[in-house]
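Please walk through this model with the sequence at hand, beginning with paired charges and moving on to chain and domain contacts and then to the spaces left between atoms.

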Amino acid sequence: MEKVIRLQPPIDDEQVRLLKAGDRVLITGTIYTGRDAAHKRLVDLLDQGKELPIPIKGQIIYFVGPAPAKPGHAIGSAGPTTSYRMDPYSPRLLAEGLKGMIGKGGRSPEVKAAIQKYNGLYFAAVGGAGALLSQRIKKAEIVAYEDLGPEAIRRLEVEDFPVVVVNDIYGNDLYEQGVAAYRRD
Amino acid sequence: MREMSVDHITSTVARLCKEANYFLGNDMLSALEKAVEVEESPTGRTILKQLQENAAIAAADQIPICQDTGLAVVFLELGQDVHLVGGELEAAVNEGVRQGYGEGYLRKSSCHPFTRKNIGDNTPAIIHCRIVPGDQLKITIAPKGGGSENMSKVVMLKPADGVAGIKKQVVEWVAQAGGNPCPPTIVGVGIGGTFERAALLAKESLLREVGSRNPDPELARLEEELLVEINKLGVGPQGLGGRVTSFAVHVKMLPCHIASLPLAINIQCHAARHKEAVL
């Protein structure tokens, strides 16, 4: 049985150093949602020298725009969205102390460099498994940008939320390594 | 001439929006089952099993398979002997989308392109209507997520590029898309027609049952050859490496201009959703 590592944000540099691409991680505790429009607003605030509406140091942002919750459910389907669209913003947030990002799909060289420079991690969750992943989210509350609807920033309480490390501080990339292992020329 | 109330269209569209998003088709469930058997990557197999479990949870709880419940793409085949009464066709379809996405707890994803302000009810639907013989109306709802739609393109090839050029474009494009469109995917390919027709052919090809054979032997062979090449790429489930990058390649083709070779590639994620009804 493969080793599974447990993480509870906020996380520090020492915890980041211990993780490598391919490690399976279960996250329990508080994480924040944020995707395209919310990222733009966060970086605009930083550009203006203003305070962010959420704590960022040591935290994890999940790139997701959940479906509305049915009565009796904490949240609707909530799988990851494609991460490259957040590439223009992520290095700035990592510089501010963000430690983790959860999404799907590859990141730009700039983001990978920022992950190494600022001691961050990029995790993948299974895209399109939104119904399954929603069961690991126990609580969801909008904390900023309610006008953005599905794109509003939510504080999530998660339990054993399953992710895999894709990019680590050592420059590894699970997408590149995985594809190279199975490619047939 | 048969009279048909547009209210009937609205209620049917609303129902199909919900059903398409909750219940993955049997063809996709079979494709997942087969993929679990052939996938060599342990990570890939784990992911495919999670997708099977996900589909079962979505169906049991009647919640969306994927949070991206898409823009509502609506195909209408309207019999020329149907007389619609009680309102406008497009308004009736949009009202159905509004109701279905509202009542069904589906995500509203349509927004203003510049301000990105959410429209709030997932309208307007993307409506494609054809007038056909008969006195019936066939409605197909195919919610299309943004992740896979973003990994799509139209390219105007030169006639000299030929079939080899088409194959090269498709395989390279799927490789470049990597994990972004949520593989395993279905690759929709539209060849010929004009710029906009090629795109529509690619999208229409995604409605064909996965696992079915193209009735045109020439295109069936092309589909098989493309699938073999694509599944050599190693992209695998979620792009994390593996044998099963795509479940199927679907090609639709029409004659084109003597100067042109239009090619459209429309990628569909594994949450390949569509439901239809005939009124």
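A salt bridge is taken here as a side-chain nitrogen of Lys or Arg within 4 Å of a carboxyl oxygen of Asp or Glu. By that rule the structure holds 31 salt bridges over all chains. This is a predicted model, in which local features need pLDDT of at least 70 and side-chain atom pairs count only at pLDDT 80 or more, while totals for chains, interfaces and linings use all residues. Residues are numbered from 1 along each chain as its sequence is written, chains are lettered from A and ligands numbered from 1 in the order in which they are written, and side-chain values use heavy atoms, with hydrogens and water left out.

One of these salt bridges lies within chain A, where A:Glu14 pairs with A:Arg17 and the closest N and O atoms are 3.2 Å apart. Both residues belong to helix α1 (residues 13-17) of chain A, and they are three residues apart, about one turn of the helix; helices (H or I, at least four residues) and strands (E, at least two) are DSSP runs numbered from the N terminus. Ahead of this helix, in the loop between β1 (4-7) and α1 of chain A, lies A:Pro10, which is joined to A:Pro9 by a cis peptide bond with omega of about 0°. Chain B has a cis peptide bond from B:Pro183 to B:Pro184, with omega near 5°, and B:Pro184 is found in the loop between α6 (162-177) and β7 (185-193) of that chain. Returning to chain A, A:Asn119 has a phi near 60°, a positive value in a residue other than glycine, and this residue lies in the loop between α4 (109-118) and β5 (121-124).

How do the two chains meet? With contact meaning heavy atoms within 4.5 Å, 40 residues of chain B are in contact with 39 residues of chain A. The area buried between them is about 3,400 Å², of which carbon and sulfur atoms give 56%, buried area being the accessible area (1.4 Å probe) that two parts lose on being put together, summed over both. B:Gln67, B:Tyr105 and B:Leu240 supply 20% of what chain B buries against chain A, more than any other three residues. Across this interface the rule finds one salt bridge, in which the side chains of B:Glu40 and A:Arg184 meet at 3.6 Å, N to O.

Within chain B there is a further interface to follow, as the chain is divided into domain 1 (2-20 + 65-144) and domain 2 (147-271), with bounds that come from an automatic or database domain assignment. The C-alpha centres of the two domains lie 26 Å apart, and their contact takes nine residues from domain 1 and 12 residues from domain 2. Between them the domains bury about 680 Å², 71% of it on carbon and sulfur atoms. Of the area that domain 1 buries against domain 2, 66% is supplied by B:Phe75, B:His128 and B:Lys144, more than any other three residues. One salt bridge is found across this domain interface, and the side chains of B:Lys144 and B:Glu149 meet in a salt bridge at 2.9 Å, N to O.

B:Lys144 and B:Phe75 also appear in the lining of the largest cavity. A cavity is a set of points on a 1 Å grid over the protein atoms alone where a 1.4 Å probe fits but cannot get out, whereas a pocket is an open set with protein on both sides within 12 Å along at least five of seven lines, and lining residues have an atom within 4 Å of a point. Grid points are joined across faces, edges and corners, and a volume is the space filled by probe spheres set on the points. The structure holds three cavities of 30 Å³ or more, and the largest has a volume of about 90 Å³. Its lining draws at least three residues from each of domain 1 and domain 2 of chain B, and β5(B) gives the most to it, with three residues.

The second largest pocket contains about 590 Å³ of space. Its lining has 26 residues, of which A:Arg24, A:Pro162, A:Val163, B:Thr46 and B:Gln50 lie nearest its centre. The largest share of that lining, six residues, comes from α3(B).
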